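Work through the exercises below with the coordinates open. Each task is followed by a solution in steps.

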Amino acid sequence: MDTRTSPAAPPKTIRREDYRQPDWIVPDVALDFDLGAERTVVRARLEVRRQAPAPLVLDGDGLVPVAVRVDGQATEAWRLDGGALVLDLPGDAHVVETEVALSPQTNTQLMGLYASGGLLCTQCEAEGFRRITFFPDRPDVLSRYRVRLVADKARYPVLLSNGDLVGSGDLDDGRHFAEWHDPFPKPSYLFAAVAGDLAERRDSFTTASGRTVQLGIWTRAEDRPRTAHAMESLKLSMAWDERVYGREYDLGIFNIVAVNDFNFGAMENKGLNIFNTRYILADPDEATDSDYDGIAAVVAHEYFHNWSGNRVTCRDWFQLSLKEGFTVFRDQGFSADLGSPAVRRIEDVRALRATQFPEDAGPLAHPVRPESYMEISNFYTATIYNKGAELIRMIHTLVGPGRFRQGSDLYFERHDGEAATCEDFVVAMEVGAQVDLTAFRRWYGQAGTPRVEARIARVEDGTVSLALRQSTPPTPGQPDKSPVPIPLRTALFDRASGARLAEQLVLLEDAEATVALGRAPGDVALSINRGFSAPIVLVADRATDELAFLAAHDDDPFARYEAVQGLMLEALVDRVASGDAGGAADAAVDAVGAMLADPALDDAFVAEAALLPSESFIGDQMLVVEPLAIHDAREWLRARIGRAHLAAWRERQERGANQPFAYTPEAKGRRRLRGVALAYLLAARDTDAAARALDQFQRADNMTDRFSALSALVGSDAAERETALDAFRVRHGGSPLVLDKWFGVQAGSSRSDTLETVVRLSRDPDFTLANPNRARALIGGFGANQLALHDDGGAGYRFLADQILQLDRLNPQTAARLVPPLGRWRRFGEARAAAMRAQLERMLRTPGLSRDLYEQVFRSID
Ligand code: 0A1
Ligand code: ZN
């Protein structure tokens, strides 16, 4: 089917309220693949059962039936309707067989069956299975799969699918076959098959009940040495899910395949996860510490889906956060247990603020459980994933870990083998964890980030009370908002002694409330939303010296980080507004100095807390975003903090630099702080900063130090910049993932010639839009660069729109995900807003847009 749109025929909107149970189910399916890159033939045998008096509709996208049989008899009694195969069947149970031919090699969308390098692989979530065979491609149709793969043995020696291998052997003409059987009924989006010349890292895991699971990570042979960290992460994830959630793996085999060309991070296909190489391959020379962390988190995420997603799946795609929000919450818990919980929380909140908050405040805002969509691929968003995880976290905070576990146990027990809803999850939590979530349900249906104003008031007898008020700004289609229950972990500090009074969990349920916090005779400081207990924007009426007190004394590491960030933000916003930064800048400088001097703080925490708020987050605090003024203010504050603590930064940059690479929390923390220190030294224009950066770059025995040096240099005019960029390319040019870093770091540069550079790089022989990682590195990196994108004149907007349009021809999903920076046009001054909007309008007028891009652009203009 042609999913390309024209202005005359905009895509159809799908609504949650229209959900109906399937008319037909398919308890069993057998698939037969005759595989080839140029041509693959797929024969499907579906045992269908009637549930309602309606024709059998099998979804299809771009498929032409070569043959159709019903109960063994060839038939012509079928029709195609918008790509779907429709059959009027007389009885309640039939066997329907179809045959189609595909061309994996020309599948540039990377949905369905496609070629990546020499491999053939599939991606079916959300609606890719219909590009492979005719099927009721919806998550509430669960089937047992038998899969037979046939291919040329020399080209495709490894043949993998879901479940257990039940047969394999050689055929004539150099071909061979493998048969896989998955005993667990699953929706079509969890189907997977892979064929290729792959090497395996093999290991095993013994489950809590004593079963042995064979683990395999499959890559190109030369990448095999880089899979040790992923395998370690997998085994840790399996043990963690048993210990923390009581969830055991259920098949005898768990395979992971890494592919170069992949639209997202990874995919949780039953027993056969398929990963973007980016989230599997790592060695110290090519991957940074944060790449290592990303690998552990994504391996865990996909593994955890085996229960939260596969054993219990989603009834329809409006319930996507049922599996994604919960699974993100689970992978965040795993990562927190693996490293420092405080640093993980800071990183997770930083990510939420960088992506979800702007989404929730812009034209693409949608609830965690959306009401409608045109293209479901556009709803794999920070709101579904990250805000969804925050909702689960709030329930966890409200009931505590023990009762939460009772709730999750009940959820898995009640819904195992089913396609469930967000409502099912909430009900299981209510019953299992014994909590009333009536009002809490609003969080699922209401878009927008609540804003909470908090003010301390004092009653005569020394009682301190807290006045709270909440409101949520209107979002598209939701002009009026209701209050939501907001759990705020809150504490008071006695300013004179530094002592903390008992922490309370304050639950703000109404639009306004006043809460007694206890008696405190002297001056107090208010620590609120500790640990970021609710995903809100806090507007606390706190003086600079109160924030400075918290920056020095708060015993909740997240709250302490927030206090430092609060001082920095205050300084930056003042500086942009009035050219002056009041006392907040001095206080921020002092707070960073005090942290650097505090031996009790670990390096990773100090590095996080010393980082300045991002340019886009600073912009989010303003009525009208002024990218250049924001950049200048940020550089000014960075230089001040750099100069004020020169000796400490130099010392942190040098500390442990000569020790060989070690992957320990201490060594990671030191590297993180080394990178932050180097950036401060460059900002301070310390005399030898560029030479120091080049020295770090050249001597590094690991990618973290090498890349932090390159990142620090790339914004500068020093000659060392070119030296490092050239050396990096020469050294790593053969490694696609590292070359992505080389493209990305230049796209993120704050130099004034960045647009020119990016245009030049887009013509580099190593650049291609066909590989999503490469496209995201350069074009996505440029879109996220506030300074370069918004350069006066609008040339950046035009370039971005041109690239998106070009990419849309190849890969609509990846193209559509590059639109949000342009959709923020309302936040900018008149000239920029008009220029951004003009590009959105130009895109919308372009004939033949994909449904994916059409929806994103259409919603962004409104
Ligand atoms: N379920 C996956 C995300 C995912 C979604 C769509 C895809 O299609 C290209 C791929 C992956 C996850 O949450 O990891
Ligand atoms: Zn997921």
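**Exercise 1. A helix pair**

Task: In this predicted model, what is the relative orientation of helix H15 and helix H16, and which residues make the contact?

Solution:
- Helix H15 spans residues 665–683 and helix H16 spans residues 689–699; their axes come within 8 Å and cross at roughly 155°.
- Angles over 145 degrees count as roughly antiparallel, so H15 is roughly antiparallel to H16.
- On the H15 side the contact is made by Leu678, Leu681 and Leu682. On the H16 side Ala689, Ala690, Arg692, Ala693 and Gln696 take part.
- Sorted by class, the contact of H15 with H16 has six nonpolar residues, one polar and one charged.

**Exercise 2. A five-stranded sheet**

Task: What is the strand order of the open sheet that contains S17, and which strands stand at its edges?

Solution:
- The order of the five strands is S17-S18-S19-S21-S20, and the pairing is mixed.
- Strand S17 (199–206) and strand S20 (266–267) each have a single partner strand, so they stand at the edges and one side of each is left without a neighbour in the sheet.
- Inside this order, S19 (residues 253–259) pairs with S21 (residues 272–276) in the parallel sense, over five bridges.
- To place the register, take Asn255: its bridge partner in S21 is Leu272.

**Exercise 3. Strand S26 and its partners**

Task: How many bridges join S26 to S25, and how many join S26 to S29?

Solution:
- S25 (residues 451–458) and S26 (residues 463–471) are antiparallel and pair over eight bridges. Glu453 has Arg469 of S26 as its bridge partner.
- The hairpin of S25 and S26 has four residues between the strands, and Gly462 takes a positive phi near 95° there.
- S26 is also joined to S29 (residues 512–519) by seven bridges, again antiparallel. Leu466 has Val515 of S29 as its bridge partner.

**Exercise 4. Domains and annotated ranges**

Task: Where do the assigned domains lie, and what is the helix and strand content of the two ranges annotated in UniProt?

Solution:
- The assignment gives domain 1 (14–197), domain 2 (312–445), domain 3 (451–534) and domain 4 (733–862). The C-alpha centres of domain 3 and domain 4 are 41 Å apart.
- An unreviewed UniProt entry lists residues 230–442 as "domain: Peptidase M1 membrane alanine aminopeptidase". Over residues 230–442 the chain is 55% helix and 9% strand, with end C-alpha atoms 38 Å apart.
- For residues 545–861 the unreviewed entry gives "domain: Peptidase M1 alanyl aminopeptidase C-terminal". Over residues 545–861 the chain is 73% helix and 0% strand, and 43 Å separate the end C-alpha atoms.

Methods: Residues numbered from 1 in each chain as written. Chains lettered and ligands numbered in written order. Predicted model: local features only at pLDDT ≥ 70, side-chain atom pairs only at ≥ 80, totals over all residues. Domains from an automatic or database assignment. Pairing = 2+ DSSP bridges. Axes fitted to C-alpha atoms, helices over the stretch in contact; angles between N-to-C directions. Parallel < 35°, antiparallel > 145°, perpendicular 65-115°, else oblique. Contact = placed C-beta atoms within 7 Å. Nonpolar A, V, L, I, M, F, W, Y, C, P; charged D, E, K, R; others polar. UniProt positions renumbered as here; feature names shortened; annotations may be inferred.
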